Amino acid sequence: MKADQNFDDIATKFEHNIHGSTKGKLRHELFLHHLTNTIDLRSSPMRILDAGGGTGTMTQAMLALGHEVTLTDISGETLAIAKAKFATNDKLTLCHQDILSLPETQYDLVICHAVLEWLSDPFPVIQKLVALLKPAGYLSLSFFNQDAQRFSNICYGNFDYVEQGMKVKNQVRLNPNNPQRPQDILAFMQDLPVNIVQQAGIRCFHDYLKDKTQQTSHYEQLKRLELQYGEQQPYLWFGKYFMLIAQRTI
């Protein structure tokens, strides 16, 4: 079985490419919007797990809201970047560990964003994440959308790539190697003790712009449209990432 992807030796490049672009900025802002609109994150401190949280972009946002956060990742280098960012914050715990090996601590909120697509088998991980929730706790899950990947590559004229199953011999390490279909993840979660309370497409339009300069020049206008239509049919299925928020029932 292929090993799960980590970003040791390219952590700085990952930080720059993902979080130093309009792609990363918009993705983070949309994640945060849906989180804060769905869950009351301001009334009282929560115990939060940021599973596979890398260099801690979402952890930083949760710490700023006064929550206690455990940030985990299998990459020691990304955690080192996170540690340098947060220094002596006493509400942060760093954990160099894979998700399936995490202790059975119970959290009010578990965040796992843009992780599933790097795993050899994401489904046991989803089960584990749900098991880490307190009753009525929330899971915020997002992943690279295989359907959107196929749609965009056909639109870009990458016909051979699509007909080869969107697999290449020399995979670029920053390209997700196991994107997921939203319908498959949603179907799997029907058998878990959770209710889906929110779902949205993330970057439903940004990546498809014919004029890429508009990603920067019209960023705020584009963001407004992403927020307006990202939860609506049919646009949510076009998002390069799919996000869902589930609440544990028992």
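**Side-chain contacts in the predicted model**

E29 has a relative accessible area of 22% and is therefore partly exposed. In this structure, which is a predicted model, the residue takes part in a salt bridge with K223, in which the closest N and O atoms are 3.1 Å apart. Because E29 belongs to helix 2 (residues 22–38) and K223 to helix 10 (residues 219–229), the pair ties together parts of the chain that are 194 residues apart in sequence. The count of salt bridges comes to 10.

A further salt bridge joins the side chains of R150 and D147, with a distance of 3.7 Å from N to O. These two residues are 3 positions apart in helix 6 (residues 146–155), so about one helical turn separates R150 from D147. R150 is partly exposed, its relative accessible area being 31%, and D147 is likewise partly exposed, with a value of 25%. The contact also belongs to a wider arrangement, since D147, R150, R181 and D184 are linked in a network of salt bridges.

The side chains of D207 and K240 also meet in a salt bridge, at 3.7 Å from N to O. This pair links distant parts of the chain, 33 residues apart, with D207 in the loop between strand 6 (194–202) and helix 9 (214–217) and K240 in the loop between helix 10 and strand 7. Both D207 and K240 are buried. K240 has an aromatic contact as well, for its charged end sits over the ring of Y208, 5.9 Å from the ring centre. Another contact between a charge and a ring involves R27, which lies over the face of Y241 at 4.9 Å from the centre of the ring.

Among the aromatic side chains, the count of ring pairs comes to 9. One of these pairs is formed by F143 and F242, whose ring centres are 5.9 Å apart and whose planes stand at 45°, so that the pair is classed as tilted. The two residues connect distant parts of the chain, as F143 lies in strand 5 (residues 133–144) and F242 in strand 7 (residues 241–248), 99 residues apart. F143 counts as buried because its relative accessibility is 0%, and F242, also at 0% relative accessibility, counts as buried in turn. Ring pairs further join F143 and F242 with W237, and the three residues are thereby linked into a cluster.

Conventions. Residues are numbered from 1 along each chain as its sequence is written. This is a predicted model: local features need pLDDT of at least 70, side-chain atom pairs count only at pLDDT 80 or more; totals for chains, interfaces and linings use all residues. Side-chain values use heavy atoms; hydrogens and water are left out. Rings of Phe, Tyr and Trp (its six-membered ring) pair if their centres lie within 6.5 Å; planes under 30 degrees apart count as stacked, over 60 as edge-to-face and the rest as tilted. Helices (H or I, at least four residues) and strands (E, at least two) are DSSP runs, numbered from the N terminus. Buried means under 20% relative accessible area, exposed over 50%, partly exposed in between (1.4 Å probe, protein chains only). A charge sits over a ring if NZ of Lys or CZ of Arg is within 6 Å of the ring centre and within 35 degrees of the ring normal. A salt bridge is a side-chain nitrogen of Lys or Arg within 4 Å of a carboxyl oxygen of Asp or Glu.
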